[in-house]
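Thanks for making time this morning. I would like to walk through one structure with you, moving from its rings to its cores and then to a few local details.

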Amino acid sequence: MSWLKIRNLKKKFYLEDMDVDALNGIDLEIEEGGFLVIVGRSGSGKTTLLRILAGLECETEGEILFKGRKCGPDSPLPVGMVFQEPRLMPWLSVENNILFPFLPGGISGELHQKALDILKMLGLEGYENAMPHQLSGGMAQRVALGRALSCDPEIVLMDEPLGALDYFTRRALQRELVRIYLHGGKTFLMVTHDVGEALRMGTRVLVLKDGKIEASIPVPLEYPRDRHSETFQSLLDEVLTALDDA
């Protein structure tokens, strides 16, 4: 039995004078414990796929099967979602932003300890009482990741989570996400426009084009990855070739 299976997934958006096929028949099996990175040009369907998996959009056709059961509004996937912007609640402390899925209600000692454990894992010890406006962009995105992890999801979805960060912060968080992935026992699905980032982080790179899967490329490299290695450069060429319209 496949762990997560997507069958003939389609999504059509109806605009004023035309129909747009955002997804045009996605067939995909996702293995437990992998780090799948999805790349593609703007409009290829990357974010739409993630939003359907997160339950934020409904598919037009097709189905999603998780451990053999069909997913839907009454049986959603066990996911946590990280967006491109942190989307923190500005009136809540860092701790309460991480525990936002459990609010409203009092914060028990157990939940308080959960937040402290997550902050330690993210390298944010001592910031539990800080407010979002007191954080750097990289710190705020770590808090957003902590919020996604607080419900202990089996799948972590990330839509361009590092896209708004400067180069140095982005590279640091790439390493941080890999560390969390290696020690967290969760399945990661991430969207990015950066092919190098995809190969530094993913165990498989999925190339989307016009709402369809153009290529599914395994990345058989150990962490940390040397972008100057022959294998890395060969994989880079393979992904770029799949993305090329020529």
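What follows is a short tour of side-chain packing and backbone features, and please keep in mind throughout that this is a predicted model.

Let me begin with the aromatic residues, since the structure holds six aromatic pairs. In one of them, the ring centres of Phe 35 and Phe 188 lie 5.1 Å apart with their planes at 20°, and because that angle is under 30 degrees the pair counts as stacked. Phe 35 belongs to strand S3, residues 35–39, while Phe 188 belongs to strand S8, residues 187–191, so this pair ties together parts that are 153 residues apart in sequence. As for their surroundings, Phe 35 is buried, with a relative accessible area of 0%, and Phe 188 is buried as well, at 1% relative accessibility.

Another of the pairs is edge-to-face: Tyr 181 and Tyr 223 sit 6.4 Å centre to centre, with 75° between the planes. Here Tyr 181 comes from helix H5, residues 167–184, and Tyr 223 from the loop between strand S10 and helix H7, so the pair ties together parts that are 42 residues apart in sequence. Tyr 181 is buried, with a relative accessible area of 10%, whereas Tyr 223, at 23%, counts as partly exposed. Taken together, Phe 35, Tyr 181, Phe 188 and Tyr 223 are linked into a cluster by ring pairs.

Rings also meet charges in this model. Lys 11 lies over the face of Phe 13, at 5.1 Å from the ring centre, and the charged end of Arg 87 sits over the ring of Phe 83, 4.2 Å from its centre.

That brings me to the nonpolar cores. Which residues have the most contacts inside the largest nonpolar core? They are Leu 199 and Val 239, in a core of 49 residues, to which helix H4, residues 137–149, gives the most, with seven residues. Setting aside residues up to four places away in sequence, Leu 199 touches Val 205, Val 219, Arg 225, Phe 232, Leu 235, Leu 236 and Val 239. Apart from the largest core lies another, of 26 residues, and among them are Ile 26, Ile 52, Cys 71 and Phe 83.

Ile 52 takes us to helix H1, where Lys 46, Thr 48, Leu 49, Leu 50, Ile 52 and Leu 53 are buried. The helix, residues 46–53, is thus mostly covered, with six of its eight residues buried. After H1 comes Gly 55, whose phi is positive, near 80°.

Another positive phi, of about 55°, is found at Asp 210, in the turn of the hairpin that S9 and S10 form with two residues between them. These two strands pair in the antiparallel sense over six bridges, and within that pairing Leu 206 has Ser 216 in S10 as its bridge partner.

I will end with Thr 192, in the loop between S8 and helix H6. Is Thr 192 buried or exposed? At 0% relative accessibility, Thr 192 counts as buried, and a polar atom of its side chain lies 3.0 Å from the backbone nitrogen of Asp 194. Leaving aside neighbours within four places in sequence, Thr 192 is in contact with residues including Val 37, Gly 40, Lys 46, Glu 160, Arg 170 and Glu 197; of these, Lys 46 is one of the buried residues of H1 mentioned earlier.

Terms used: Residues numbered from 1 in each chain as written. Predicted model: local features only at pLDDT ≥ 70, side-chain atom pairs only at ≥ 80, totals over all residues. Heavy atoms only, no water. Phe/Tyr/Trp six-rings, centres within 6.5 Å; stacked < 30°, edge-to-face > 60°. Helix = DSSP H or I, 4+ residues; strand = E, 2+ residues; numbered from the N terminus. Buried < 20%, exposed > 50% of the residue type's maximum accessible area, 1.4 Å probe, protein only. Lys NZ or Arg CZ within 6 Å of the ring centre and 35° of its normal. Core = buried A, V, L, I, M, F, W, Y, C linked by side-chain atoms within 4.5 Å. Contact = heavy atoms within 4.5 Å. Pairing = 2+ DSSP bridges. Polar contact = N/O pair within 3.5 Å; in protein donor to acceptor, adjacent residues only side chain to side chain.
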